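The following exercises are to be worked through with the sequence and the coordinates at hand. Each task is followed by a solution in steps.

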Amino acid sequence: MNAKELREKTIDQLNEDLETLKKEGFNLRFQQATGQVENTAQMRRARRDVARVKTIINEKSAIAGAE
């Protein structure tokens, strides 16, 4: 998921993506705790995707507030 794709989405779509990513991160943390994670890079990717989506949401909110 890259920032260019995210900027084309609406805030509602971004919030849905954010919830999905948070659930994915939770599941990965749970798998890590039980020793089932095979690819630990997935956790890093999920964390960064959450941060990326939050950043785009904040940018869009700031633009909407300035208008």
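## Exercise 1: A salt bridge between helices

R7 is partly exposed, its relative accessible area being 43%. The model examined here is a predicted one.

Task: Determine which residue R7 meets in a salt bridge, and where in the chain the two partners lie.

Solution.
1. The side chain of R7 forms a salt bridge with that of E59, at 3.2 Å from N to O. This distance satisfies the criterion, because a salt bridge requires the nitrogen to be within 4 Å of a carboxyl oxygen.
2. R7 belongs to helix α1 (residues 3–7) and E59 to helix α3 (residues 41–66). The two are 52 residues apart, and the pair links distant parts of the chain.
3. E59 has a relative accessibility of 32% and counts as partly exposed.
4. By the same rule, the count for the model comes to five salt bridges.

## Exercise 2: A network of charged residues

Task: Establish which residues are joined into one network by salt bridges that share partners.

Solution.
1. Begin with R45 and E24, whose side chains meet in a salt bridge of 2.9 Å, N to O. R45 lies in helix α3 and E24 in helix α2 (residues 11–33), 21 residues apart, and the pair links distant parts of the chain.
2. Assign their exposure. R45, at 40% relative accessibility, is partly exposed, and E24, at 25%, is likewise partly exposed.
3. Turn to D49, which forms a salt bridge with R52, the closest N and O atoms being 2.7 Å apart. Both residues lie in helix α3, three residues apart, or about one turn of the helix.
4. Classify this second pair. D49 is buried because its relative accessibility is 5%, where buried means under 20%. R52 is partly exposed, with a relative accessible area of 29%.
5. Salt bridges with shared partners thus join E24, R45, D49 and R52 into one network.

## Exercise 3: Helix α2 and the nonpolar core

Task: Describe the span of helix α2, name its buried residues and identify the largest nonpolar core.

Solution.
1. Helix α2 has 23 residues and reaches 33 Å from its first C-alpha to its last, close to the 33 Å expected at 1.5 Å a residue. The helix is followed by G35, which has a positive phi near 80°.
2. L14, D17, L18, L21, G25 and L28 are the buried residues of α2, and they pack against α1 and α3.
3. The largest nonpolar core consists of eight residues: L6, L14, L18, L21, V50, V53, I56 and I57. The elements giving two or more residues to this core are α2 and α3, and α3 provides its largest share, four residues.
4. In soluble globular proteins, nonpolar side chains tend to be buried together.
5. V50 illustrates the packing: leaving aside neighbours within four places in sequence, V50 is in contact with L18, L21 and K22.

## Exercise 4: The largest pocket

Task: State the volume of the largest pocket and decide which helix supplies the largest share of its lining.

Solution.
1. The volume of the largest pocket is about 150 Å³.
2. The lining comprises L21, K22, G25, F26, R29, M43, A46, R47 and V50.
3. Both α2 and α3 supply at least two residues of this lining. The largest share, five residues, comes from α2.
4. L21 and V50, listed in the lining, are also members of the largest nonpolar core.

Terms used. Residues numbered from 1 in each chain as written. Predicted model: local features only at pLDDT ≥ 70, side-chain atom pairs only at ≥ 80, totals over all residues. Heavy atoms only, no water. Buried < 20%, exposed > 50% of the residue type's maximum accessible area, 1.4 Å probe, protein only. Core = buried A, V, L, I, M, F, W, Y, C linked by side-chain atoms within 4.5 Å. Contact = heavy atoms within 4.5 Å. Expected span 1.5 Å × (residues − 1). 1 Å grid on protein atoms, 1.4 Å probe; cavity = no way out; pocket = protein on both sides within 12 Å on 5 of 7 lines; lining within 4 Å. Points joined across faces, edges and corners; volume = space filled by probe spheres on them.
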